[in-house]
Amino acid sequence: MTERAQPDGRRAAAHSALMVTLIAARPLVWDEDPLSLPVTVYGVLVLLGCGAAVLETALGSRTWRWGRLSALVAGLILWLGLAAWRSPLPIVGWGLWSGIALNGALGLYLLQVLPARRGMALAALGAGLLGEVLISALQWPWVLPAMARAQQAGQLRIVPQALQGSLAERIANGGLFGTFTQANALAGYLLVAVPPLAVAGYQARGLARALALATVALAALVFIGTSSKGADIAAAAALLGTWWWRRWPWRWPVVALAALGVGVALLSPGIHRALHDSASVRVGYWDGACALVRERPVLGYGLGSFGEQFPRVTPEWASYSNQVHCEVLAAAAETGLPGALALLALLVALLLPRMRATTTTTNATTAPLLTPSPTTLAGAAPILPRWAPWAVGGGILYLELLGLLNANTGWWPGSNQLVAGLPLIEMGWWLAIAVLIGLAAYRMRALAPLEAACRIAVAAVVLHCLVDFDWHAGGITGTVIVVWLLAQPAASDGEPDRDLAMRPRGWRLQALLLAAGVLGSLALVGAVQPSLGRLRDAHQIVDDAQLLTQPGLDRGQALAALAHCSELAGEAMPDDATFRQPQDMKLQLNRCLLAGLQLAHPDPELQTRILVLLPPGAERLPVSMRLRQVRPSSALVAREVALDQVSVAAAQEAVGDAPGVRSAWQAALDAMRAAVDLAPHDLAVRSDLADLLGQAARHLPDAAERFHGEAQMQVQYIAQHHDLVDPSNRP
């Protein structure tokens with residue numbers, strides 16, 4: 001007996017609760033940070049769901065669903081695993097890969113359980129959307145003003161350097177970003193989540209309809225608030241393209257009117273300038289990515305390596321970015337052309353229609369958008385048992401209590417008030433889920449419009465990923481999986497869709513391999529937790545150290561932060577009276593940072609962040625030299641090595657070791673020249689080299705003339721190129 005025939009069984013109930021929880025919470029677990037405990041919990045839940053589905057298949061109580069697209073995704077994940085193995089930043093590379101693999105496992109699980117629960121999945125999608133837009137809408141009156149005050153008070157300095165420019169831009173422009181930390185990523189999520197709920201809300205009745213349409217209206221306002229030009233273009237192109245391709249009525253007038261509107265908009269100087277600026281920035285990124293593809297066309301430089309390599313190949317006028325802003329080009333640069341072709345094939349497959357194996361009364365490929373049809377949602381969508389809202393709401397609250405929502409909002413500068421109000425947000429979200437889940441209890445008046453809306457949503461996010469990095473956000477990728485499955489035509493009662501739901505040849509071997517993969521993944525998650533715990537401590541040490549540099553920090557706050565930092569580093573905290581001078585606290589903090597370097601050993605990027613916080617000297621030289629070998633393409637690491645060698649030269653000069661002084665100065669200059677070669681258009685690095693050459697000329701008089709000449713060349717280069725480079729690359 002299939003699961004569809006016994007909807008009230010305990011097994012079906014457990015799958016329903018798990019599926020809705022995973023879909024509704026997907027926007028919050030958006031970045032797949034391997035150090036985040038909520039991400040680990042979410043991954044374990046996905047693996048448990050997959051394991052249960054595999055076990056049920058082995059016992060004969062489930063028909064296994066597996067298709068050609070599943071094989072393509074599996075092959076892509078394996079190829080990306082090889083790219084993660086070659087990544088110069090292991091935590092970044094394997095973090096990206098684990099997020100992609102997690103979404104693959106989520107898709108596999110949903111492929112087994114979602115077709116019989118399409119209404120429930122749609123309600124869960126709406127619940128997740130409602131939570132996201134409520135958080136985003138609060139940023140207008142609450143978070144953005146608090147962030148502006150934090151910026152004026154200097155608190156923005158405690159945010160990682162890579163986010164400071166983006167945060168400052170948001171504060172200046174008022175762009176909303178929700179839990180995604182990037183306005184464009186929030187816009188990408190809205191592109192894929194809003195269209196299905198809009199059509200479902202139109203088709204629903206009563207309170208469910210009112211709440212769904214209110215959520216869509218609020219989401220539309222938030223979408224405008226993101227100020228994402230690429231998302232606007234992608235949404236319009238997807239709608240018009242679908243309208244034309246499906247031969248909906250009035251396609252000629254609609255397309256002509258849209259073209260006229262685009263032409264009029266481009267006549268506006270403000271719109272033209274904004275589009276030109278956005279496009280020119282991306283052209284710089286794409287130029288650098290193409291240069292990397294030409295260097296390593298087959299294997300690429302490793303997953304997550306673009307930010308490491310980009311300064312070396314960036315055009316002179318381009319600004320720095322650690323993302324390509326085009327997923328296909330990013331795949332080509334980081335994983336090679338095979339990975340890019342596999343991703344391109346996946347994107348095309350997502351856009352292609354899927355044909356039903358059984359005959360139905362409605363042709364989903366040609367039906368008008370809102371024409372009623374006798375086809376009902378999921379063929380035989382059961383009325384939900386009365387426990388469903390409570391189970392779903394409880395599942396969401398359980399994940400939030402583990403810190404999902406706090407982990408995605410607590411890092412905002414000035415967001416303490418919002419975090420304090422989380423219980424109210426959680427309660428409101430829980431009630432909203434209880435109502436939205438009622439959508440599944442209604443039979444939709446037409447299935448074809450929902451499928452068309454889902455296809456528009458998938459097409460929009462596919463187009464958007466060509467000008468942004470949507471697929472780096474697990475929350476977007478997971479939502480695309482849900483919407484794509486909702487877009488598939490429903491099978492008739494008791495008859496699985498043969499193209500989508502099938503038991504392939506050798507399914508027992510596949511089930512065995514999948515079971516081994518699930519068990520192995522669970523064992524791996526448990527094995528790496530101690531190392532990840534040490535990395536979390538190292539991250540917290542960095543946060544405490546940056547907090548201690550914040551202006552206006554009183555003595556009590558500073559001592560509390562230092563005590564916490566010492567506890568994490570395993571350093572004894574002296575009595576408060578010991579810290580008579582600020583320098584005493586600085587010495588204690590340096591000891592903590594040195595201990596943090598050891599904790600962060602598996603993560604070269606985190607070690608580099610700690611290295612920058614420590615004063616140059618012989619104590620950190622072994623670490624900087626090791627990082628120079630691990631990150632040979634990093635100009636920042638080469639610069640830190642140069643500064644360490646300068647300190648070593650000063651120590652050698654103090655003891656009268658002339659050969660040691662010469663050797664240290666030569667090593668410092670070589671390292672700084674290497675930094676210039678790795679970031680040739682960063683004029684700040686060239687300025688550092690000119691200063692270092694001037695110092696070397698004073699300490700090595702016999703080479704002073706040569707050093708002065710080289711320094712003068714750097715000064716002239718800076719003057720000639722100052723107005724040509726991006727402002728972020730100026731001294």
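How far apart should the ends of helix α22 (residues 555–569) be at 1.5 Å a residue, and how far apart are its end C-alpha atoms? With 15 residues, α22 should span 21 Å, and its end C-alpha atoms are 21 Å apart, so the two values agree. Please keep in mind that this is a predicted model. The briefing below starts with the whole chain, then visits α22, α26 and one residue of α26, D644.

**The chain as a whole**
- The protein chain has 29 helices and 0 strands.
- Of its 731 residues, 52% are buried.
- Among contacts in the chain with a separation of 6 or more, 75% join residues 24 or more positions apart.
- The chain exposes an accessible surface of about 31,500 Å², and carbon and sulfur atoms account for 65% of that surface.

**Helix α22**
- The buried residues in α22 are A558, L559, A561, L562, C565, S566 and A569.
- They cover an arc of only 165° around the axis, so they sit on the same side of α22.
- After α22 comes G570, which has a positive phi near 75°.

**Helix α26**
- Helix α26 runs over residues 635–654.
- From its first C-alpha to its last, this helix of 20 residues reaches 29 Å, close to the 28 Å expected at 1.5 Å a residue.
- Buried positions in α26 are A635, V637, A638, E640, V641, A642, D644, Q645, V646, V648 and A649.
- The cover over these buried residues includes two helices with lower numbering, α24 (604–613) and α25 (621–630), along with α27 (658–678) and α28 (683–699).
- Just after α26, G656 adopts a positive phi of about 75°.

**A closer look at D644**
- Is D644 in α26 buried or exposed? Its relative accessible area is 0%, which is under the 20% cut-off, so D644 counts as buried.
- Which side chain does the side chain of D644 meet in a polar contact? The partner is the side chain of R620, at 2.4 Å.
- R620 is also one of the residues that D644 contacts once its neighbours within four places in sequence are left aside. The others in that set are P616, G617, L621 and S624.
- One of these contacts, L621, belongs to α25 (621–630), a helix that is part of what covers the buried residues of α26.

Key: Residues numbered from 1 in each chain as written. Predicted model: local features only at pLDDT ≥ 70, side-chain atom pairs only at ≥ 80, totals over all residues. Heavy atoms only, no water. Helix = DSSP H or I, 4+ residues; strand = E, 2+ residues; numbered from the N terminus. Buried < 20%, exposed > 50% of the residue type's maximum accessible area, 1.4 Å probe, protein only. Polar contact = N/O pair within 3.5 Å; in protein donor to acceptor, adjacent residues only side chain to side chain. Contact = heavy atoms within 4.5 Å. Expected span 1.5 Å × (residues − 1). Areas by Shrake-Rupley, 256 points an atom, 1.4 Å probe, with all protein chains shown as cover. Arc of directions from axis to C-beta.
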